[in-house]
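User: Please take a close look at one part of this model, the strand at the centre of the sheet pairings, and set it in the context of the whole chain.

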Amino acid sequence: MGKRNVASSDVDRVAKAESQLETKYPTVRMSIAEAQSWIDRVAHSEDIDPPLVVRHQLPRRLLGVAVLDDHVIVVRHARPSQLTLLHELTHCIGHMGHGPSFQRRYVKLVQRHISREHGEAFVSLLTD
Ligand SMILES: [Zn+2]
């Protein structure tokens with residue numbers, strides 16, 4: 001299997017687990033202002049530089065994008081979910097792609113900043 005295939009199966013696995021998690025245990029949706037202050041708190045407790053959260057049009061398949069050079073999280077919806085914000089925050093702190101290191105850090109952030117239950121459910125969905 002080539003690298004391209006590995007990368008696309010990682011992104012599919014993560015997207016599928018996220019959508020199942022949001023169906024079973026929906027995470028909180030917040031306005032952009034609320035999302036910014038939540039991300040500021042998360043970043044502070046993780047000792048990372050808080051990214052700016054902005055809303056902008058994105059291609060249909062994307063809920064969010066991390067613009068690493070500008071340290072910005074771009075979200076598609078007026079009320080992004082906590083899960084979308086933590087996904088993009090994980091990219092902001094240096095995890096490229098959606099492979100094992102991305103997934104481990106993302107799950108840790110979900111456990112610490114959403115709930116332990118969400119974290120546990122997410123792990124089992126990711127390893128299904
Ligand atoms: Zn991503």
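Analyst: The model is a predicted one. A convenient place to begin is the end of the chain, where threonine 127 lies in the segment that comes after helix H5, residues 116–126. This threonine has 9 C-beta neighbours inside 10 Å and therefore counts as exposed. Although threonine 127 and valine 14 are 113 residues apart in sequence, their C-alpha atoms are 9.8 Å apart in space.

Helix H5 itself has two contrasting sides. Its buried residues are His118, Phe122 and Leu126. Viewed down the axis of H5, these buried residues fall within an arc of 60 degrees, so they line one face of the helix. The face turned away from that buried side carries the exposed residues Arg116, Glu117 and Ser124.

The overall arrangement can now be set out. The protein has five helices and three strands, and along the sequence they follow the pattern α-α-β-β-β-α-α-α. The C-alpha trace spans about 40 × 30 × 30 Å along its principal axes. For 128 residues, a compact globule would have a radius of gyration near 14 Å, and the value of 14 Å for the protein agrees with this. Buried residues account for 29% of the 128 residues. Of the contacts between residues at least 6 apart in sequence, 43% join residues at least 24 apart.

The strand requested is E3, residues 72–75, and its pairings are as follows. Strand E2, residues 64–67, pairs with E3 in the antiparallel sense over four bridges. Strand E1, residues 52–55, runs parallel to E3 and is joined to E3 by four bridges. Valine 75 in E3 stands opposite glycine 64, and arginine 55 also stands opposite valine 75. Further along the pairing with E2, alanine 66 has isoleucine 73 of E3 as its bridge partner.

Isoleucine 73 merits separate attention. Leaving aside its neighbours within four places in sequence, isoleucine 73 is in contact with Pro51, Val53, Gly64, Ala66, Leu85, Glu88, Leu89 and Cys92. Among these partners, Ala66 is also the residue bridged to isoleucine 73 in the strand pairing.

Isoleucine 73 also belongs to the largest nonpolar core, which has 21 residues; Ile73, Leu85, Leu86, Leu89 and Val110 are those that touch the most other members. At least two residues of this core come from each of helix H1 (3–24), helix H2 (32–46), strand E3, helix H3 (82–92), helix H4 (100–113) and H5. In soluble globular proteins, nonpolar side chains tend to be buried together. Leu85 and Leu89 appear both among the contacts of isoleucine 73 and among the core members with the most such partners.

Helix H4, one of the contributors to this core, also contains arginine 104. With 14 other C-beta atoms within 10 Å, arginine 104 is partly exposed. Its C-alpha atom is separated by 13 Å from that of leucine 89, and the two residues are 15 apart along the chain.

The loops that lead into the strands have notable backbone angles. The hairpin of E2 and E3 has four residues between the strands, and histidine 71 in that hairpin takes a positive phi near 55 degrees. Histidine 71 has this positive value although it is not a glycine. This histidine lies in the loop between E2 and E3, and with 14 other C-beta atoms within 10 Å it is partly exposed.

A second positive phi is found earlier in the chain, after helix H2. This helix has 15 residues and reaches 20 Å from its first C-alpha to its last, close to the 21 Å expected at 1.5 Å a residue. Just after H2, aspartate 47 takes a positive phi of about 60 degrees, and this residue is likewise other than glycine. Aspartate 47 lies in the loop between H2 and E1. It has 6 C-beta neighbours inside 10 Å and so counts as exposed.

Taken together, E3 is paired with E2 in the antiparallel sense and with E1 in the parallel sense. Through Ile73, the strand also supplies one of the core residues that touch the most other members.

Methods. Residues numbered from 1 in each chain as written. Predicted model: local features only at pLDDT ≥ 70, side-chain atom pairs only at ≥ 80, totals over all residues. Buried ≥ 20, exposed ≤ 12 C-beta atoms within 10 Å, placed from the backbone. Arc of directions from axis to C-beta. Core = buried A, V, L, I, M, F, W, Y, C linked by C-beta atoms within 7 Å. Contact = placed C-beta atoms within 7 Å. Pairing = 2+ DSSP bridges. Expected span 1.5 Å × (residues − 1). Rg over C-alpha atoms; globule rule 2.2 N^0.38 Å.
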